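Please look over the sequence and the structure below before reading on. The paragraphs that follow begin with the cysteines and then move through the fold, its salt bridges, a pocket and a few local features.

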Amino acid sequence: MVKAAAIYARISSDPEGDRLGVTRQREDCERLAAAKGWPVADTYTDDDRSAYSGKPRPEYRRLLDDIAAHAVDAVLVYNLDRLHRQPRELEAFFDIVDAAKLVNLASVEGDINLGSSDGRFQARIMGAMARKSSDDASRRIRRKLLQNALDGKPTGGGTRPFGYRPDRVSIDPPEAVLVREAATRILAGESVRAIAADWNERGIRTPKDRPWSVETMGRMLHSARLSGQREHHGEIVASGAWEPIITPEETARLRAILEERAGSGTRTVRKYLLPGLLRCGLCAATLVSRAAADGTKRYVCAKGPGFAGCGHLAINADPVERLITEAVLYRLDAPDLAAALAGAASADAATAAEQHALAQDRAQLEELATAYGNRLLTMPELLAARKPIEARIDAARKRLSRLSRSAAVDPFLGRSGELRAKWSTLPLTRQRSIVAAVLDRATIRPAVRGRSSFDPGRVEAVWRT
């Protein structure tokens with residue numbers, strides 16, 4: 001005789017959050033319990049939870065715990081597929097009810113005797129049918145989503161994209177201005193972190209009315225939707241049926257910059273202007289930024305584990321940074337620099353095609369990895385196939401990087417006075433991108449013995465041409 005029955009109700013999707021589906025299930029199960037004379041001890045409800053995805057269902061887990069603890073001795077559901085849509089999960093359920101000696105499982109559409117082999121066979125058949133139904137539905141949905149992407153249709157549901165109105169198609173003019181500003185700043189060398197912090201200080205909120213995080217800002221700027229292009233699983237597959245805010249070329253450059261930064265694993269330099277740009281005049285090693293014991297900022301030729309320098313050269317950071325900055329500002333007015341940068345930009349005019357080729361090469365690497373995992377390739381074959389693909393990726397990144405360097409200084413060519421006036425207000429990341437666009441490297445010569453003041457003659461700059 002049943003002493004404590006449990007009702008389990010579940011619905012996979014409840015976008016409105018009104019719980020109507022699970023409420024109807026619960027009411028039908030309560031009527032069934034009353035007809036059977038089973039007292040209901042508790043109700044377990046997983047709302048907006050799929051049994052097919054394999055993701056945790058907290059209330060289902062609580063039900064299993066109560067069965068194992070003998071707190072309930074019968075289960076009522078609207079249909080068996082409310083409990084399971086995965087055969088392996090059904091078998092685990094059998095193990096738990098066996099240990100608890102629970103045999104009563106009732107559904108609105110018919111009872112199942114878990115104590116008999118026929119009942120279990122019926123449950124397994126119903127579980128297999130539920131799994132096939134879910135597989136078929138999933139396949140149809142995936143195919144429909146792919147077709148929508150190829151047709152350039154906007155994604156439906158979810159939070160509206162920043163820069164667009166709730167219809168996800170028409171531009172929100174004030175937000176579009178902000179998107180263009182952020183894109184320009186990234187192309188000019190600023191960090192995603194700096195832009196997110198700036199927007200938060202200015203009170204600019206995400207579409208969910210939250211502060212901007214580095215991850216949210218990065219995803220927004222990486223999205224091809226901003227340039228009127230449709231993505232599917234991270235790959236651009238079609239032109240979108242909505243207005244673009246930026247150009248496809250700008251999206252290609254943004255994605256290349258953001259992916260290169262993510263791949264490098266490096267963090268933005270915050271205290272020094274010239275890391276990576278200074279060389280030791282004794283051994284040609286790259287100088288590193290390192291403060292002296294009294295806190296004075298310096299660049300030093302480091303020696304020891306992880307460093308390849310001689311350890312015999314150092315220079316104070318502030319005077320050399322001021323000298324290089326003045327030289328860069330002067331250089332911006334030189335006609336030969338404008339000509340060189342214009343040539344670099346024109347050479348990489350087809351950035352959209354470059355980015356597309358880059359995406360294809362990355363996809364090919366993933367295909368090779370899958371083939372190796374399925375034992376279709378040997379390790380030597382895999383390495384041989386990867387080599388030319390990785391070489392193409394490196395070359396494409398360098399070409400896109402050249403174009404981004406040009407973008408950092410394009411607004412200031414021939415207008416160094418304007419840049420000088422606002423230099424101190426620019427973020428350090430932006431200052432460094434401008435310097436790196438003009439300066440290839442600077443060699444620091446050893447100090448003259450006995451001279452305590454800064455000697456500009458120690459600095460030999462090599463400019464980009």
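In this predicted model, the sulfur of Cys-283 has its closest cysteine sulfur in Cys-301, at 3.5 Å, which is too far for a bond. A disulfide is a covalent bond between the sulfur atoms of two cysteines, and the cut-off applied here is a sulfur pair within 2.5 Å. Cys-310 is likewise in no disulfide, the nearest cysteine sulfur, again that of Cys-301, being 3.7 Å away. The surroundings of these cysteines can be stated as well: Cys-283 is partly exposed, with a relative accessible area of 34%, whereas Cys-310 counts as buried at 16%. For the structure as a whole, the number of disulfides is zero.

The overall fold gives the frame for what follows. The chain carries 15 helices and 15 strands, and of its 465 residues 41% are buried. Among the contacts with a separation of 6 or more, 62% are between residues 24 or more positions apart. One element that illustrates burial is helix 15, residues 428-438, which is mostly covered, with nine of its eleven residues buried. Those buried residues include Thr-429, Arg-430, Gln-431 and Ser-433, together with Ile-434 and Val-435, and the list continues with Ala-436, Ala-437 and Val-438.

How many salt bridges does the structure hold? The count comes to 18, and several of them can be followed in detail. In one, the side chains of Arg-62 and Glu-59 meet at 3.0 Å, taken from N to O. Both residues lie in helix 2, residues 58-68, where they are three residues apart, or about one turn of the helix. An α-helix has 3.6 residues a turn, so residues three or four places apart point the same way. Arg-62 itself counts as partly exposed, at 29% relative accessibility.

Other salt bridges join separate elements. The side chains of Arg-160 and Glu-175 meet in a salt bridge at 2.8 Å, N to O. This pair links distant parts of the chain, with Arg-160 in the loop between helix 5 (117-150) and helix 6 (173-187), Glu-175 in helix 6, and their positions 15 residues apart. The two partners fall into separate accessibility classes, since Arg-160 is partly exposed, with a relative accessible area of 22%, while Glu-175 counts as buried at 12%. Helix 6 also provides Arg-185, whose side chain meets that of Asp-198 in a salt bridge of 2.7 Å, N to O. Here too distant parts of the chain are linked, with Asp-198 in helix 7, Arg-185 in helix 6, and the two 13 residues apart. Arg-185 is buried, with a relative accessible area of 12%. Salt bridges that share partners also join Asp-42, Glu-59, Arg-62 and Asp-66 into one network, and two members of that network, Arg-62 and Glu-59, are the helix 2 pair described above.

Arg-160 leads on to the second largest pocket, because Arg-160 is one of the residues that lie nearest the centre of this pocket. Which others share that position? They are Thr-159, Pro-161, Phe-162 and Met-220, within a lining of 25 residues. The volume of the second largest pocket is about 720 Å³. Helix 8 and strand 6 (229-232) each supply at least two residues of its lining, and helix 8 gives the largest share, four residues. In chemical character the lining residues divide into eight nonpolar, nine polar and eight charged.

Two residues deserve a look for their backbone geometry. Lys-101 has a positive phi of about 60° although it is not a glycine. Its place is in the loop between helix 4 (87-100) and strand 4 (104-107), and at 71% relative accessibility Lys-101 counts as exposed. Asp-209, which is not a glycine either, also has a positive phi of about 60°. Asp-209 sits in the loop between helix 7 (192-201) and helix 8 (214-222), and Asp-209 counts as exposed at 52% relative accessibility. The loop that holds Asp-209 thus runs between two elements already met: helix 7 contains Asp-198 of the salt bridge with Arg-185, and helix 8 contributes four residues to the lining of the second largest pocket.

How values were computed. Residues numbered from 1 in each chain as written. Predicted model: local features only at pLDDT ≥ 70, side-chain atom pairs only at ≥ 80, totals over all residues. Heavy atoms only, no water. Buried < 20%, exposed > 50% of the residue type's maximum accessible area, 1.4 Å probe, protein only. 1 Å grid on protein atoms, 1.4 Å probe; cavity = no way out; pocket = protein on both sides within 12 Å on 5 of 7 lines; lining within 4 Å. Points joined across faces, edges and corners; volume = space filled by probe spheres on them. Nonpolar A, V, L, I, M, F, W, Y, C, P; charged D, E, K, R; others polar. Salt bridge = Lys/Arg side-chain N within 4 Å of Asp/Glu carboxyl O. Contact = heavy atoms within 4.5 Å.
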